[in-house]
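Open the model in a viewer and keep the selection panel at hand. The stops below go from the ligand outwards to single residues of the chain.

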Amino acid sequence: MRVLVIHGPNLNLLGEREPDIYGTQTLADVDDYLAAVARDLGIEVECVQYNLEGEIVTAIQGARSSCDCIVVNPGAYSHYSLAIADAISSVPIPVIEVHLSNIAAREPERRISVTAAACIGSISGFGAQSYALALHAATKILGK
Ligand code: DQA
């Protein structure tokens, strides 16, 4: 079982970006953690990061033939990108949305996710563990 993890815009600055909200772990720390979780679960994981909306759309489309599941943190695009929501709706594999922070408890404009509405489910508020929980969910959904 192969899972593509897509980190969206500004997540390349994790560790230095608003650490009071997003923590002090870097993106490399998060990816190392996910590699360890994937090893324990006996699954393959590939992590990528894109700042541009179109690159995320292309990655979602590409994963439909190479992966069994996508875990995506669309960052700020979550709150308004119909292009990413449409890409998620267009692929036959399950897509799980994750957020480091609890978007339901943040500014009003962050409480809505148009992309989560296109996903099988979403996990928000557990820091890097949001991604790990999504990998666990993926193994359950796919019956691994
Ligand atoms: C985020 C939440 C978004 O509102 C924000 O724009 C991000 C990160 C999160 O993981 O908590 O870039 O997706």
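How do the residues of the shell around the ligand divide into nonpolar, polar and charged? The shell has four nonpolar, five polar and three charged residues; here Ala, Val, Leu, Ile, Met, Phe, Trp, Tyr, Cys and Pro count as nonpolar, Asp, Glu, Lys and Arg as charged, and the others, Gly among them, as polar.

Some conventions come before the first selection. Residues are numbered from 1 along each chain as its sequence is written, and side-chain values use heavy atoms, with hydrogens and water left out. The model is predicted: local features need pLDDT of at least 70 and side-chain atom pairs count only at pLDDT 80 or more, while totals for chains, interfaces and linings use all residues.

**Stop 1: the ligand**

Select the ligand and the residues with a heavy atom within 4 Å of it. The selection should return Arg17, Tyr22, Asn73, Gly75, Ala76, His79, His99, Leu100, Ser101, Ile103, Arg106 and Arg110.

Next, display the distances to ligand oxygen atoms. A polar side-chain atom of Asn73 is 2.8 Å from one ligand oxygen atom. For His99, too, a polar side-chain atom lies 2.8 Å from an oxygen atom of the ligand. At Leu100 the atom is a backbone N or O, again 2.8 Å from an oxygen atom of the ligand. On its own the ligand has 320 Å² of accessible area, and the protein covers 99% of this (Shrake-Rupley method, 1.4 Å probe).

Now hide the ligand and look at the space it takes, which is the largest pocket. A pocket is an open set of points on a 1 Å grid over the protein atoms alone, with protein on both sides within 12 Å along at least five of seven lines.

**Stop 2: Arg106**

Keep Arg106 from the ligand shell and add Tyr22. Their side chains make a polar contact at 2.8 Å (a pair of N or O atoms within 3.5 Å; within protein, one must be able to donate a hydrogen and the other to accept it, and residues adjacent in sequence count only if both atoms are side-chain atoms). Arg106 belongs to the loop between β4 (95–99) and β5 (121–124); strands are DSSP runs of E, at least two residues, and helices are runs of H or I, at least four, numbered from the N terminus. Is Arg106 buried or exposed? Arg106 counts as buried because its relative accessibility is 12% (buried is under 20%, exposed over 50%, partly exposed in between; 1.4 Å probe, protein chains only).

**Stop 3: the loop between β1 and α1**

Go to the loop between β1 (2–7) and α1 (19–22) and select Asn10. Its phi is near 75°, a positive value in a residue other than glycine. Most residues other than glycine have a negative phi. Asn10 is partly exposed, at 38% relative accessible area.

Glu18 is in the loop between β1 and α1 as well. Glu18 has a positive phi of about 35° and is not a glycine; at 40% relative accessibility it is partly exposed.

**Stop 4: distances along the chain**

Select Ser90 in helix α4 (residues 82–90), which is exposed at 56% relative accessible area. Where does Asn102 lie relative to Ser90? The two are 12 residues apart in sequence and 27 Å apart in space, C-alpha to C-alpha.

Finish at Val57 in helix α3 (residues 53–66), buried with a relative accessible area of 14%. From Val57 to Val45, 12 residues apart in sequence, the C-alpha distance is 19 Å.

Key
1 Å grid on protein atoms, 1.4 Å probe; cavity = no way out; pocket = protein on both sides within 12 Å on 5 of 7 lines; lining within 4 Å. Sits in = over half its atoms within 2 Å of the grid points.
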